[in-house]
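User: Hello! I would like a close look at the helix packing in this model, please. Take me through it in one connected answer, with the numbers and cut-offs spelled out.

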Amino acid sequence: MTGWLGIFLILVCKSFAANLVKEVLDRADPHYIPPDLVENFVGVQMNLRNILSVNEKEGTLKVTIYYQLYYIIDSISWNESEHNISILEFKEGELWKPDIAITNLIKLEQVSFEKTFVLSSGFVYSLKIMTITTNCDFDMTNFPKDKQACLIIIGNMINRNERASYGLGHLDLDIRAGEYIANSQWKLSKVRNFARCIGEKIFECSLADIANATTTYKKDLVFSIEIERDPIFYQLTIQAPFLLVSALSPIVFLLPPECGERNSLAITINLAFMVNSLLIVSIFPESSATYPSIGLQFLFAIATSALCTFINAVILAIYFYEHENEPCACLQNLVNKLSRFLPIKKHLSSDPEVASDEKKYELAQLKWQKVCLMFDRIMFTLLVLETIIIWMAN
């Protein structure tokens, strides 16, 4: 008997609720802005659930958010004590909803939850849990230790010249304790919100301005998500190989000229820089607004490597050329002075200074070889200094 009585009471309650829903819907028109919208005001609140992906190449941010709208309509209120019901749930499209949207939305990926609730006071609360992709302007100057600020812009899409235009307001964009899911690559630094007004120019304005329905300029709410990249992955896959390859460049001029692999090594190092730079290009957005400092380092390394390849070819050509005349006296004096600081290990068959019994062209050949070896030492020293500077810069 008790079970049947419980079922009967449930059916009665459902009937009362259905009748109240019908009564509220008879007083509401989903197609027009309610004339009794309290203070012509619509509030917006957003909570960040997690950052799913950041695509620098395409300039997009993919996030999951709790998106909430709230406002009061007097005409759909009811007497709670009379009906003994404090809250009703309505389906999508049954009640009027503000024409408010995310203006920089690229794609609505998924809506996992969507409900509209109305309290007895006429307070309407609309909640969506959705995954969205928005555009984001990336500044890659400090890659991979960069910080980005991606905006989610919410605006009233209705024509501002209409009499029934309404204002916007908001609570803070925040992170719900225990609900935010951290991203493995990006650390969330800060979230903030501000109002933006668009007239002849774009400027930040107060919440009072944006909530005022009588102002004529366009009004938006801007939620800023500031994130910081975790650089370890890119340091290991891009910067570390770059630094190791740059450390190989001085070895080209450390090898003796008789070694037949000097040119091959110089060209291989240059190609290694080229391949590594292609990896950088595949990550960065195709924009001329900003250029990463690491890209400039790669460009400098490629130019230096190409120049070294050319200088190495010139040195080898002079070293193995059959000279008939000795180097000029000033060049020989310069080599002799520099040899005090950059000693040359003798691997020649004879010393050009004491080889008086050698033919003239052989003496000239030995002296030119000494000049080439000195230039090898100079290039080796300069490249070691360049490598140290690059390592310190990173």
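Analyst: **Helix packing and aromatic pairs**

Helices α4 and α6 count as roughly parallel to each other, because angles under 35 degrees fall in that class, over 145 in roughly antiparallel, 65 to 115 in roughly perpendicular and the rest in oblique. This is a predicted model, in which local features need pLDDT of at least 70 and side-chain atom pairs count only at pLDDT 80 or more, while totals for chains, interfaces and linings use all residues. Residues are numbered from 1 along each chain as its sequence is written, and side-chain values use heavy atoms, with hydrogens and water left out.

Now to the numbers behind that label. The angle between α4 and α6 (residues 293–320) is about 30 degrees, and their axes are 12 Å apart. An axis here is a line fitted to C-alpha atoms, for helices over the stretch in contact, and the angle runs from 0 to 180 degrees between N-to-C directions. Helices themselves (H or I, at least four residues) and strands (E, at least two) are DSSP runs numbered from the N terminus. α4 and α6 cross in a left-handed sense, meaning that the near helix is turned anticlockwise from the far one by less than a right angle, whereas clockwise would be right-handed.

From α4, Ile238, Gln239 and Phe242 make the contact, and from α6, Ile294, Gln297, Phe298 and Ala301; contact means heavy atoms within 4.5 Å. By class, the contact of α4 with α6 has five nonpolar residues, two polar and no charged, where Ala, Val, Leu, Ile, Met, Phe, Trp, Tyr, Cys and Pro count as nonpolar, Asp, Glu, Lys and Arg as charged, and the others, Gly among them, as polar.

A further partner of α4 is α8. These two helices are roughly antiparallel: their axes come within 9 Å and cross at roughly 165 degrees. The crossing of α4 with α8 is left-handed. Phe242, Leu243, Leu244, Ser246 and Ala247 of α4 meet Thr387, Ile390 and Trp391 of α8. Six of the residues in the contact of α4 with α8 are nonpolar, two are polar and none is charged. Phe242 of α4 therefore turns up in the contact with α6 and again in the contact with α8.

α6 and α8 pack against each other as well. Their axes come within 9 Å, crossing at roughly 170 degrees, with α8 spanning residues 360–393. That makes the pair roughly antiparallel. On the α6 side the contact residues include Gln297, Phe300, Thr304, Cys308 and Ile311, and on the α8 side they include Gln365, Trp368, Gln369, Cys372 and Leu373. Both Tyr319 and Phe320 of α6 also belong to this contact, as do Glu386 and Ala393 of α8. In total, the contact of α6 with α8 divides into 14 nonpolar, four polar and two charged residues.

Aromatic rings add another layer. Rings of Phe, Tyr and Trp (its six-membered ring) pair if their centres lie within 6.5 Å, and planes under 30 degrees apart count as stacked, over 60 as edge-to-face and the rest as tilted. That rule gives eight aromatic pairs. One of them joins Phe143 to Tyr234, edge-to-face at 5.0 Å centre to centre and 65 degrees between the planes. Because Phe143 sits in the loop between β6 (123–135) and β7 (147–156) and Tyr234 in α4 (residues 232–248), this pair ties together parts that are 91 residues apart in sequence. Phe143 and Tyr234 are both buried (under 20% relative accessible area, with exposed over 50% and partly exposed in between, using a 1.4 Å probe and protein chains only).

Another edge-to-face pair is Tyr319 with Phe320, at 5.0 Å centre to centre and 75 degrees between the planes. Tyr319 is buried at 2% relative accessibility, while Phe320 is partly exposed at 48%.

Back at the loop, Phe143 and Tyr234 share one aromatic cluster with Phe233 and Phe284. Phe143 is also joined to Pro144 by a cis peptide bond, with omega about 5 degrees, and Pro144 lies in that loop between β6 and β7.

One more link involves Leu254, in the loop between α4 and α5 (262–283). Leu254 is partly exposed, at 47% relative accessible area, and its C-alpha is 6.6 Å from that of Phe380, 126 residues apart in sequence.

For the wider setting, the protein has eight helices and eleven strands, and 41% of its 394 residues are buried. Among contacts with a separation of 6 or more, 77% join residues 24 or more positions apart.
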